[in-house]
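This report looks at one sheet and one chain-to-chain contact. Please keep the structure in view while reading.

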Amino acid sequence: MPVDVKGPKLTRADFATDQTVRWCPGCGDYAILAQVQKVMPELGIARENIVFVSGIGCSSRFPYYMNTYGFHSIHGRAPTIATGLKVSRPELSVWVVTGDGDGLSIGGNHLIHAMRRNLDIKILLFNNRIYGLTKGQYSPTSEFGKKTKSSPYGTAEQPINPLGVALASECTFVARSVDIDTHHLSSIVERAAAHKGTAFVEIYQNCNIFNDGAFDDFVAREVRTERMVQLEHGKPVIFGQDRRKGIRLRGVHPEVVTIGEDGVTEKDLLVHDEAAQEPTLAYLLSRMTYPDYPVPVGVFYRADRPRLEEILEQQSIQATARLGAGSIERLLKSGSTWTVT
Amino acid sequence: MATTTDIPLPKTKREVIDRAVIRFAGDSGDGMQVTGSQFTNTVALYGNDIATFPDFPAEIRAPAGTLPGVSGYQLHFSSNEIFTPGDAVDVLIAMNPAALKTNVGDLPAGGALIVNSDAFSQQNLNKAAYASNPLTDGSLKQYTVFEIPISTLNARALAGLDMTAKQIDLTKNFFALGIMFWLYERSMEPTLRWIDEKFGKTPVIAEANKRALKAGYAFGETTEIFHTHYRVAPAHLAPGTYRNITGNEATALGMLAASKLAKRPLFYGSYPITPASDILHELSRYKNYPVTTFQAEDEISAIGAAIGSAYGGALGLTGTSGPGVALKSEAIGLAVMTELPLVIANIQRGGPSTGLPTKTEQADLMQAILGRNGECPVAVVAPATPADCYTMAIEAFRIATRYMTPVFFLSDGYLGNGAEPWRVPKRDQLPQFDVKFRTEKDGFQPYLRDPRTLARPWAVPGTPGLEHRIGGLEKEDVTGNVSYDPENHEKMVRLRAEKIARIADDIPALQVFGPASGRLLVIGWGSTYGAITSAVEEAQAKGLPVSSLHLRYLNPFPRDLGDILKRFDKVLVPELNLGQLRMLIRARYLVDAIGLNKVQGKPFRVSEIRKAIDGILRG
C-alpha cells in the first residue's frame, strides 16, 4: 500500500463527490459508503492513487460517490479491469465494488480468477440476495424456494456460498461483515486494505425495496448477539448475550454448546485460526447459517502468497538483468537476418 | 548472413529457373510445418523472395494416415518479386497416400511428385479411400513420379542410434527436406544450426535429425533418379537488412515498436485461440521489454484487462479471432463510451461460430465496423501482407492514442501464418507519435475535447487533482457526468461518429496501381493484396485496361476513395466473404461494384482473379 499523503490529513468529507447519491432511501449501500469514506483517510493513501472499479448493479454506482479515480464498467467485468490496471500500475490502491449478481452470476468467472491470481486488490461484494437494479429477480445467493418476480413459484436453485467460492479460489483474505454494524464493517475494511494480496469481503446488505429484512433474523440489533458470532483470531468461538454459548467441533461437524452445561468449558470450544495453513476451518465456518448456527462475521482466512503484479515485475527485472533492456533495433534484427547490398 | 559454400559441384544437369513452387504434404504428425518453415528460412537467407501458405487441420493429431489429418506447407520462392504462394505446384512431396490424394489436384500435368513409397501400404491406401494403389494403377502417369522409400532409407541412415523405431520414423521429414535442399541447391547449414539450437539438450535427437537431413541430401546427390536439379537465383531486392517474418510475428513486433515509440508500456490481454495464439507466444517472450502479457480466463477478461491497462496509461491490446471478438463486443462498446485507446487484433478465420479454426477468411469486416449495440464507431485498419502487419500495428496504436478510440486491426490466418522476407526498417524510418497525459489541473474536464481530433484528455489515475469517474453510462458533454438527457445523447452519438470520421484527415492518400482512370478498377483489402496485385500485373502486361487499389484503412475510408471509384467504368471487389467491402462501397459511394467472392477457407488463386478481370473486360 502506498503511504504518500503530503499535507494535512484527509477527512471523510474529502472522499465525497458532488454527485447526488441515487440509491433508494434506506438502502444498506449508504451505510457501506459511509464506512468506506470513513476508513479511506486512515489508510494514508493520496486520493489520486485510489481507484474504485465496479460493474453493473446498485452496488456498482459506488465509484460515482467516491472522490477518487473511478471506473463504472460493464456487468460482471470489474475484476478484469482492475486486473489490467493493477498489473500496469502496481502502485495504485485498486478497489472492486460488486454485488451478488454482478460478482457471482454474470461475473463469476472473473471473480474466481482474480482471487486465484492474488493481485493486491480489494473486492467488496455487497450481498443483498436479490437483483435490485432490474427490480426484484432472484440472485445466485437468494435462498432456495424464494418467491420473486422471476420465481413466482419459488426458486428451484440452490444458492451459492460467496465465502466458499472465495476459499475455493485460493483467495488470500476472506472476510464477512454487515452493513448496519458500522464499527465491525469499518474494522474489516481497514484490515482488507492492509492485507497484501486479494482481499474478498462479503457484506450483507439490506435491499429495503425488493428484499427488505433479508438478514433481520440475525442482524437485527436485538438478536444480533445471540444469532451472530464475531470471529477473532486465536480466540474461542463464543457468542450470546452473556457470552456463554460457543462452537465445539465434533469430528468435522460444528455444534452449538453452552459453557457450563454438560461439563462444557471454554477449553472445549473451537479456537479460531484465520491464518491456518489450510482454509478447511474457514470453509466449515462459512457453512454455518442461521437458524442452525450463529452466522459468523470477521476474517475467516488469510494467507501470505506472492502477488501477481509482484511476480510479473520480478520476471521482468530478471529478464532485463540477463538480456539487457530491449531496444527497437535489436528487436527488429532478432532472428536470422541477411543483407542485400 | 552470407550464404555458405558447402554445396558440392553437381553431377546432374543444372537448370537455372526464376521461380519455384513446392509443397510438403503429410500427416499432421509428420512435421510438415517444421519442414516447410526450414526450407523457407533457408531460401529466404539465400536471398529469394518468398511467399508461404501453411495449411493444416484443426485437429492436433487426426487419426494417422487419414484424409482430415493431412497437413501441408506451400512455398513460392523466386528471383523476382512475388506476391502469392503460387497457384500451381511444381514439386509436391507426399509423405502418405492421404497427402497425395488431397494435394495432387494442385499439381499440373508434368509436375514432379516425390512420394514416400513406404507409406503406401494397403492399410494406408484404405485410410485414404484409394480403391487401388495410385503408384501402380497408372493414375499418376501425367506426372513425373519419384517413388522413394523414405522411411526405409532414413531408418538405415539412423541405424545404431539409441532410439526406438517410432522415434526414428519421426525424423523422416528431415530426409525429405534433405532431398529438397539438394534438388534446389540449398545449403543445409541454417537447418543444421537450428537443429543444434532446438535439440541441443538431447544430443541423440539432434544427431538423428542431422543424419536424416544429410542422408536425404546425399540420396539426391548420389542416386540418379533426378536428372535435373535447379537453382533459383537470389531476388533483386532493395538494399538493406532482411529477415523472414510471419504476419503474427510482425504484428507482435509492430505492437512492441508502437510501445517504444509512444514511450508507454504495452499490455497484451489474450485468451488462446487459433490462429492468433502465436502473438501471445511471441509477446510473452519479451520480458526485457516494457510489455506485460496476460493470459486471461476468457476473451472478455482479456479485453477488460486491456481496457484497465489503458485506463492506467498503458497501450492496451487484445488479440483474438472472430469468435473471441463476438465475446468482446460489449467491452469494445465500453472503450468507445469511455473513449480510451485500445487495439483489438482479429486474426480472422472461417466462420460463423467455431467455423474453420485453421483456415483463412475475411468475413469479420462487418463485425469490426458494425458488430456492437448502439451507434458504436471504431477505427478499422487491415494489413495487406505479413510484413505489413508491422506497419499497420504501429498505425493502429498511433490512431488509438491520438484519437482516444478503440481500433480494430484485421489480419487473418493466411497473413498470420504466412511468411515473407521483410526489409527491416531503420530507426529513422519509424513513424513518430507523441502520447501525452493530461496533468494540468486548471480547466480539466474529462470529456473536454481537442478541437481538431475531438479526442478527450488521457487523464490517468495517480495524477493529483484530476480525480474523476468514467463508465459505460452515457456521458454529459464536457463534464463526463452521467446524463440521460435526450439532446445530450444525440450530441454525444454524433461527436463519437465525427471523431472517427476525422481520422480520414490523418491517413495517407491512396495509390492506384496502374492508370488512374479507365475501364476497370480491382479493389481489395487485407490478405488478398498479393493475389490481386499479381493478377492485375499479369493483365496489365497483356495490355488490358485494368488498375487496382488496396485499402488498409477501412473505417474511416480514405478521403480520396470516392473520387477514384468514379474514374473507372467498372469496379471489381474480390473478397474472401460474400461481399462485405462491396456492400460498404455500394452503400457509401453508390457505385455498382461487382463482387468476386470465395469462402473455401483458402486464399484466392491469381488465376481466379485474372479470370474475373478478363470476363468483365470481355463483357
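In which sense do strand 2 of chain A and strand 17 of chain B pair, and over how many bridges? In this predicted model, the two strands pair in the parallel sense over 3 bridges. Strand 2 of chain A covers residues 69-72, and strand 17 of chain B covers residues 469-471. Within this pairing, A:G70 stands opposite B:R469 of strand 17.

The contact between the chains extends over 56 residues of chain B and 50 residues of chain A. On the side of chain B that touches chain A, at least two residues each come from strands 9 (240-246), 10 (266-270), 11 (291-295) and 17. Helices 1 (32-46), 9 (247-262), 11 (299-311) and 12 (322-338) of chain B also supply at least two residues each. Helix 11 of chain B gives the most to this side, namely 9 residues. By residue class, the side of chain B that touches chain A divides as follows.

| Class | Residues of chain B |
|---|---|
| Nonpolar | 29 residues |
| Polar | 18 residues |
| Charged | 9 residues |

Chain B also holds an open sheet of 6 strands with mixed pairing, in the order 3-4-2-5-6-7. Strand 3 (49-55) and strand 7 (144-148) of chain B are its edge strands, each pairing on one side only. On average, neighbouring strands of this sheet are turned by 15° against each other, direction ignored. At one edge, strand 7 pairs with strand 6 (residues 112-116) of chain B in the parallel sense, over 5 bridges. There, B:F146 in strand 7 is the bridge partner of B:I114.

Terms used: Residues numbered from 1 in each chain as written. Chains lettered and ligands numbered in written order. Predicted model: local features only at pLDDT ≥ 70, side-chain atom pairs only at ≥ 80, totals over all residues. Pairing = 2+ DSSP bridges. Helix = DSSP H or I, 4+ residues; strand = E, 2+ residues; numbered from the N terminus. Axes fitted to C-alpha atoms, helices over the stretch in contact; angles between N-to-C directions. Contact = placed C-beta atoms within 7 Å. Nonpolar A, V, L, I, M, F, W, Y, C, P; charged D, E, K, R; others polar.
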